Amino acid sequence: MNDRQWLTDLYVQHSDAVYRYALRRTSSPEDAEDVLVEAFAVAWRRRTAVPEPALPWLYRTAGNVIAHVI
C-alpha cells in the first residue's frame, strides 16, 4: 500500500471518531475541524511512527493539538 492510500484509509476509518473527540473538547465545530485536520497532518508527517491500532495515537495527537493550539 502506498502512503497516500494509507492516509486515505486512516482518514476513512477514524476521522469521525477524531472529530467527535475534538468537538467534545473545543468550543466550536470550526475548532474541532481544525483539530481534525492538524491531527491527520501530524499523522502524515509521522506516518512511519503511527502504531496499529492508530485510533489511540490519533486521540492523543488531537489532545496535544487542543492543548497547544486551541
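This is a short tour of a predicted model, stop by stop, with a selection to make at each one.

Before you start, note that numbering runs from 1 along each chain as its sequence is written, and that side-chain values use heavy atoms, with hydrogens and water left out. Because the model is predicted, local features need pLDDT of at least 70 and side-chain atom pairs count only at pLDDT 80 or more, while totals for chains, interfaces and linings use all residues.

**Stop 1: helix α3**

Select residues 55-68, which make up helix α3. Helices here are DSSP runs of H or I with at least four residues, and strands are E runs of at least two, numbered from the N terminus. Try the distance tool on the two end C-alpha atoms: they are 20 Å apart, in agreement with the 20 Å that 14 residues should span at 1.5 Å a residue. The expected span is 1.5 Å times one less than the number of residues.

Now colour Trp-57, Leu-58, Thr-61, Ala-62, Gly-63, Val-65 and Ile-66, which are buried. Buried means under 20% relative accessible area, exposed means over 50%, and partly exposed lies in between, with a 1.4 Å probe and protein chains only. As you look down the helix, recall that an α-helix has 3.6 residues a turn, so residues three or four places apart point the same way. What do the buried residues of α3 pack against? Show α1 (3-25) and α2 (29-45), and you have both partners.

Stay a moment on Val-65, whose relative accessible area is 8%. Add Asp-34: the two are 31 residues apart in sequence, yet their C-alpha atoms are 9.2 Å apart in space.

**Stop 2: the nonpolar core**

Select Val-18 and Leu-58, the residues with the most contacts inside the largest nonpolar core, which has 18 residues. Such a core is a set of buried Ala, Val, Leu, Ile, Met, Phe, Trp, Tyr and Cys residues joined through side-chain atoms within 4.5 Å. Helices α1, α2 and α3 each give two or more residues to this core, and the largest share, seven residues, comes from α2.

Leaving out residues up to four places away in sequence, Val-18 touches Leu-36, Ala-39, Phe-40, Leu-55, Leu-58, Tyr-59 and Ala-62; contact means heavy atoms within 4.5 Å.

Next pick His-14 in helix α1. His-14 is buried, at 15% relative accessible area. Beyond its neighbours within four places in sequence, His-14 is in contact with Phe-40, Ala-54, Leu-55 and Leu-58.

**Stop 3: an aromatic pair**

Show the rings of Tyr-11 and Phe-40, an edge-to-face pair at 5.1 Å centre to centre with 65 degrees between the planes. Rings of Phe, Tyr and Trp (its six-membered ring) pair if their centres lie within 6.5 Å; planes under 30 degrees apart are stacked, over 60 edge-to-face and the rest tilted. Tyr-11 is in helix α1 and Phe-40 in helix α2, so the pair ties together parts 29 residues apart in sequence. Tyr-11 is partly exposed at 40%, whereas Phe-40 is buried at 6%.

**Stop 4: the charged residues**

How many salt bridges does the structure hold? There are two, each a side-chain nitrogen of Lys or Arg within 4 Å of a carboxyl oxygen of Asp or Glu.

- Asp-3 with Arg-47: the closest N and O atoms are 3.0 Å apart. The pair joins helix α1 to the loop between α2 and α3, 44 residues apart.
- Glu-38 with Arg-45: the closest N and O atoms are 3.2 Å apart. Glu-38 is partly exposed at 30%, and Arg-45 is exposed at 56%.

Finish by adding Trp-44: the charged end of Arg-47 sits over its ring, 4.0 Å from the centre. The test is NZ of Lys or CZ of Arg within 6 Å of the ring centre and within 35 degrees of the ring normal.
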